[in-house]
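Me: I am new to this structure and would like a close look at a single part, the place where the chains meet. Please take me through it step by step.

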Amino acid sequence: MSQNGLGDLLAKWRDNWKTWRIIFFVVLGVLVLLNIPFVTHHPHFGLDKYPGFFAAFGLIVGLVMVILMKKIIQPFIAREEDYYGD
Amino acid sequence: METSVFYHPSMAFLAFALVVPFIPTQLWLNKAFRGALALVAPLVALYSIFTVEPGTYGAIQYLDQSLIFGRVDGLSIVFGQVFAIIATIGAIYGMHVEDRGHFVCGSLYVAGGFGCVFAGDLLTVFLFWELMSIGSTFLIWQARTKESVGAGFRYFLYHTVGGLFLLGGLLLKYKATGSFAFEGVNPADAQLYDWLILTGFCVNAAVVPLHAWLPDAYPRASVAGAVYMCAFTTKTAVYVLARGFAGWEVLAIAGTIMAVFGVLYACIENNSRRILSYHIVSQVGYMVAGIGIGTAMTLNGAVAHAYAHILYKGLLFMGTGCILYAVGTAKLDKLGGLATKLPWVMVWYMVAALSISGMPLFNGFISKTMTIAGAAEHHRTILALCLEIAAVGTFISVGIKLPYFAFWGGKKEYKGEIKPIPVNMYVGMAICGLLCIAQGVYPHLLYQYLPFPVEGHQFEPWTIDKVLNSGLLLGFSGLAFYLTREIITPHAKLNLDFDWFYRLIGKVTMGAICWPVSKVDDVWTEVYRTVGLRSLIGMGDGTSWFDKKGIDTVVDGSAYTVRNIGRLGAKAQTANLQDYLAWAAVLGLGIFALVWYFG
């Protein structure tokens, strides 16, 4: 019954989502701090010689992509699911 | 272990496809027997590929042409190897399926894939290319749903058109050069026929805007069939592109567009299997871009990524296939909270999701970074940046959005019935997942097979800055998801894609043909009614008299015979185009077998 055991464990983890959120933020912070001494060896994009480049890149690209696609593009191209009749 | 023979993997799969229909039902329904039998061909393939020596095998003469079935070199071995692995895993995952059709179609399809990879000339490529197209069409129909029928027809139509581009190209090439040789083409010497062949290959590689068949068909394939589908068609295309069109600038651009385009569509898609399908377009984009840039490092990156991709994408489709199997839908708006009910599915899905996202410790990390670094080192900065953008989108859609809305929260949970998942499906996922992790931890497991020699320093993914950069990129993409989680919540919508244009072309063509035909028909009907009918009635009177007096006695006997033959014919005419296509395929394979044997 390991499946149920694992399922119960996951249920417990899910209930503790606030702790996981704290862990997530701490990990992000640690990664940024580590990036200060260990910065990219061979920068290719110019700005990636600065610490935190990939953090900013991931965040900004992610935000722009989601907002652009869901809020601006999707209203134009979304149709009902049976639009093609199949 | 040295061997001077090459057991062509396609032969094993074709033999299996041939045997399956004749196995007695009692025996076939025995799961252990069926499973063991289904494993024979993949294991033969594995053995064959791990023991074969590079060389040229199996040349036969046909119509004054020398067809080469076994070009075994570094590039074909590495693709053959991963094909054999996923065929084995797919066979394990699909063991519980009782429908013989699944095994026959799957085997024909896999045989086609192997055939293309080991083909030494364009004619042989074309032969197996078409076999693959037929096998995969039937694999879609194996889902046996109403929507899979339509999707299968559209898929087949589309791949037939792609195949015709390839055929046209290779025939023109033969006319111009007198040979069907399949070697790398220098982009500076490109002829029209090269472009035609390239177009045919690009259809199968799902190059935007020729890609819409993929998100149309794959989500509608059967649960077990989709595992094969996501591995073979596009990756065979990647192989032939790497073989024939390395260094073509158009591919560098097209691949990068694919990588970003697929990610953007996946971002707004609701059906989890369609999200994964758009991510095939995106991930194959990395490979196509790597091939287009054409340095040894990017080519190796493309090959490594194809290898890694086949494993993690297979696993992703196995995971979502489990959901579809257990719950009956793969649409995110209907799922939710499945982690506690299908925990192991979640675990193996996450292994694949982290792999595709390029998380350190998983195999996407060692393959994706190679392509991007190769692009950057070759001073293709914009391409490399776009590939990084695609990496962000990949993690958001496949790494977080899909599992979050299927397995965790964000909206109401799925409360319905959950069908138990057969053990073999878990076994298939576990093998695939462990391979993804093993390659991520020990890149050399994969790198040792890469075919293109790199001069100077070798690519090393496990450096502190690369690990940190990946962690930062993915971590903060995760933060972006967290901040926009209300916005990205999936909706039950269909998003228009380029297939809207394909359908328009279809409608216009049909209209252009039907309109004149219907006009002619109108006129003809009128003429027939006024002139033809009267004379026919007169003739009818005459013949009926002749019939009564003379023929009846003679003809009755032969009429019975004709009726019996007619019944047999009527049985074969099921009015299902699928059946006719199946008969054509059987006939074609039969002829091919005869030629192979006697030629």
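Reply: A good place to begin is a single pairing: Ala78(A) has Asn495(B), a residue of β3(B), as its bridge partner. The model is a predicted one, and in it two bridges join β1(A) to β3(B), the strand of residues 494-495 of chain B, with the two strands running antiparallel.

From this pairing one can widen the view to the whole contact between the chains, in which 39 residues of chain A touch 43 residues of chain B. On the side of chain A, the elements that give two or more residues are α1 (2-15), α2 (17-35), α3 (53-77) and β1 (78-79), so that β1(A), already met through its bridges to β3(B), is listed there together with three helices. The largest share of this side comes from α3(A), with 16 residues. Sorted by class, the side of chain A that touches chain B holds 23 nonpolar, nine polar and seven charged residues.

Within chain B, a further contact can be described, that of helix α4 (residues 74-93) with helix α17 (residues 423-441), whose axes lie 7 Å apart and form an angle of about 155°. Because angles over 145 degrees count as roughly antiparallel, α4(B) and α17(B) are roughly antiparallel to each other. On α4(B) the contact is made by Ile89(B), Ile92(B) and Tyr93(B), while α17(B) brings Asn424(B), Met425(B), Val427(B), Gly428(B), Ile431(B) and Cys432(B). Of the residues in this contact of α4(B) with α17(B), seven are nonpolar and two are polar, and none is charged.

Notes: Residues are numbered from 1 along each chain as its sequence is written. Chains are lettered from A and ligands numbered from 1 in the order in which they are written. This is a predicted model: local features need pLDDT of at least 70, side-chain atom pairs count only at pLDDT 80 or more; totals for chains, interfaces and linings use all residues. Axes are lines fitted to C-alpha atoms, for helices over the stretch in contact, and angles run from 0 to 180 degrees between N-to-C directions. Helices (H or I, at least four residues) and strands (E, at least two) are DSSP runs, numbered from the N terminus. Angles under 35 degrees count as roughly parallel, over 145 as roughly antiparallel, 65 to 115 as roughly perpendicular and the rest as oblique. Two residues are in contact if their C-beta atoms, placed from the backbone, lie within 7 Å. Ala, Val, Leu, Ile, Met, Phe, Trp, Tyr, Cys and Pro count as nonpolar, Asp, Glu, Lys and Arg as charged, and the others, Gly among them, as polar. Two strands pair if DSSP finds at least two bridges between them.
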